[in-house]
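Hi,

I'm passing along the structure we talked about, and my notes on it follow just below. Have a look at it in your viewer while you read.

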Amino acid sequence: MNNLAIVILNWNGDQMLHRCVTSAVAEFSSSDIWVIDNNSTDNSVQKTITDFPNIHCIRLEKNFGFAEGYNRGLIEILPKYSFVLLLNNDTIIQPSFGDSLRRAIASLAPEEGMIALKMVKYPAQVIDNFGLVLHPSGLGFNAKDATLPIVCPSGGAAVYRTRVLQESIERTGEIFDADFKFYNEDLDLGLRVRIAGWRCAQYTDIAVLHAHGASMTKQGNTFGLYYQQRNQLWCILKNYSNRWLLVYGWQVIALQLAQIFYHVVRGHGLTILRAKWDSLIGIRRMLRKRRWRQSVPNRQEVLLAPSWSLVRLWRA
C-alpha cells in the first residue's frame, strides 16, 4: 500500500487544472496523482493527461457535484493508500510542500485522522483559512486565526487517513453527504469524524495557494449562497447531540432568521427563501441520517468555537 495519494476533483477546469497538476507533479510522484473528472465539456482533462501521461484519471459519466464526485472516485483510490490529499482544481502547491507534508504525516499521533492545511488566497497573498471552525449557532466559517479551535480541514485542501474515510462508508454508506452536493459537505464530514473520536492536526508550515471561489465562479453569483444556506441547518441536525440542540437551539434559530433578513435586504430574497424552504423540506431525511450516531461507541461532543469568535469573523 502506498502512503499518500493526491486527488483533484475537476469540472471544466480550463487552465486551473493544468496549473494545479503541474504544481503537484513537482512535489509528488505522477503515479500518485489522481484526477476525478465530473464529465467536463472543455479540454482541461485532455490537455493535462497529454502533458502528464503518468497521472491517473477517473472519468465520471456526468457532473455529480463536489460530494458525490469525490465519493465515486475515492472508492477506487482508498484501498491503495494510507492517506489522501484532496485538492480543489483552483489550488497551487508551493515548492517544498511535498517533503514538509510527508514529515507532518509521519509525526501524526495515532488518534489524529485529519490535517487542516494553511490556505492562502491567490494572487492576493492573504490568509484564506487555517481550517474550519463551527460557531454554536451552526455557522461554519473559514478560520483566519490559527488559535481558534479548528474542527476539520477545508475541503479545498485536506488530508485524511483513508481509514477515517472507510469508517465513514461503513457507518453511513458514503464519505461526503451526497445530498449536500456543494458547500458544508467538508464540515459535515469533519464533524462525523470528530464525533467518532478522531482529532484534527494543524499544518501551517507551507501554505496551499487558493484562487478562492474560482472553480465556482462559472456557476453564477447565487449558486454558492443557495447551497451554503440550505446545507447549514442539515449539518447541525445530523451532528449536534440532543444536549447541544437543547443548549444552542435558540442560537441556531436566531441565525436562520437573521440570515433571511440580511439576504432579503441585500436583494437575494428569492434565493435565500428557496434555500431555507428546501432545508426545511429535507429535515426528515437528515433526521434519518442522524441515526448513524447510534453506531458510534464513546461518541464525542462536537467541537465548538466560543460565541465571541464571530467578532473575529466580521473583522477578517
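A residue is called buried here if its relative accessible area is under 20%. Please keep in mind that this is a predicted model.

**Helix α5 and its surroundings**

With that cut-off, helix α5, spanning residues 162–172, has these buried residues: Thr-162, Val-164, Leu-165, Glu-167 and Ser-168. They pack against two helices, α3 (65–77) and α6 (185–195), and against the strands β4 (81–88), β6 (112–121) and β10 (157–161). Just after α5 comes Gly-173, which has a positive phi, near 85°.

The packing of α5 on α6 is worth a look of its own. Their axes are 11 Å apart and the packing angle is about 90°. Since angles of 65 to 115 degrees count as roughly perpendicular, α5 is roughly perpendicular to α6. From α5, the contact uses Val-164, Leu-165, Ser-168 and Thr-172, while α6 brings Leu-189, Arg-192 and Val-193. Sorted by class, this contact of α5 with α6 has 4 nonpolar, 2 polar and 1 charged residues.

**Helix α6 against α8**

How do the axes of α6 and α8 cross? They do so at roughly 10°, and they come within 10 Å. Angles under 35 degrees count as roughly parallel, so α6 is roughly parallel to α8. On the α6 side you will find Leu-187, Asp-188, Leu-191, Arg-192 and Ile-195, and these meet Cys-235, Lys-238 and Asn-239 in α8. By class, the contact of α6 with α8 has 4 nonpolar, 1 polar and 3 charged residues. Arg-192 is listed both in the contact of α5 with α6 and among the residues of α6 that meet α8.

**The aromatic rings**

The structure holds 11 aromatic pairs. One of them is formed by Phe-182 and Tyr-227, with 5.4 Å from centre to centre and 65° between the planes, which is an edge-to-face arrangement. This pair links distant parts of the chain: Phe-182 is in the loop between α5 and α6, Tyr-227 is in helix α8, and the two are 45 residues apart. Are these residues buried or exposed? Phe-182 has a relative accessible area of 11%, so it is buried, and Tyr-227 counts as buried at 12% relative accessibility.

Tyr-227 also pairs with Phe-223: the ring centres are 5.1 Å apart and the planes are at 55°, so this pair is tilted. Phe-223 and Tyr-227 both lie in helix α8, 4 residues apart, which is about one turn of the helix. In general, an α-helix has 3.6 residues a turn, so residues three or four places apart point the same way. Phe-223 is buried, as is Tyr-227. One aromatic cluster is formed by Phe-182, Phe-223, Tyr-226 and Tyr-227.

**Helix α10**

Helix α10 covers residues 269–281, 13 residues in total, and reaches 18 Å from its first C-alpha to its last, close to the 18 Å expected at 1.5 Å a residue. Its buried residues are Gly-269, Thr-271, Ile-272, Ala-275, Lys-276 and Ser-279. The cover over these buried residues includes α8 (223–239), α9 (242–265) and α11 (283–289).

**Three single residues**

- Ser-154 sits in the loop between β9 (140–142) and β10. At 10% relative accessibility, Ser-154 counts as buried. Leaving aside neighbours within four places in sequence, Ser-154 is in contact with Met-119, Asn-129, Gly-131, Leu-132 and Asp-186.
- Leu-303 is found in the loop between α11 and α12 (309–315). At 29% relative accessibility, Leu-303 counts as partly exposed. Beyond its neighbours within four places in sequence, Leu-303 is in contact with Leu-134, Pro-149, Ile-150, Val-151 and Arg-194. Its C-alpha is separated by 9.9 Å from that of Tyr-240, and Leu-303 and Tyr-240 are 63 residues apart along the chain.
- Gln-15 lies in helix α1, residues 14–25. Gln-15 counts as exposed, at 52% relative accessibility. From Gln-15 to Phe-176 the C-alpha distance is 27 Å, with their places 161 residues apart in sequence.

Happy browsing, and best wishes!

Definitions and conventions: Residues are numbered from 1 along each chain as its sequence is written. This is a predicted model: local features need pLDDT of at least 70, side-chain atom pairs count only at pLDDT 80 or more; totals for chains, interfaces and linings use all residues. Side-chain values use heavy atoms; hydrogens and water are left out. The expected span of a helix is 1.5 Å times one less than its number of residues. Buried means under 20% relative accessible area, exposed over 50%, partly exposed in between (1.4 Å probe, protein chains only). Contact means heavy atoms within 4.5 Å. Axes are lines fitted to C-alpha atoms, for helices over the stretch in contact, and angles run from 0 to 180 degrees between N-to-C directions. Angles under 35 degrees count as roughly parallel, over 145 as roughly antiparallel, 65 to 115 as roughly perpendicular and the rest as oblique. Ala, Val, Leu, Ile, Met, Phe, Trp, Tyr, Cys and Pro count as nonpolar, Asp, Glu, Lys and Arg as charged, and the others, Gly among them, as polar. Rings of Phe, Tyr and Trp (its six-membered ring) pair if their centres lie within 6.5 Å; planes under 30 degrees apart count as stacked, over 60 as edge-to-face and the rest as tilted.
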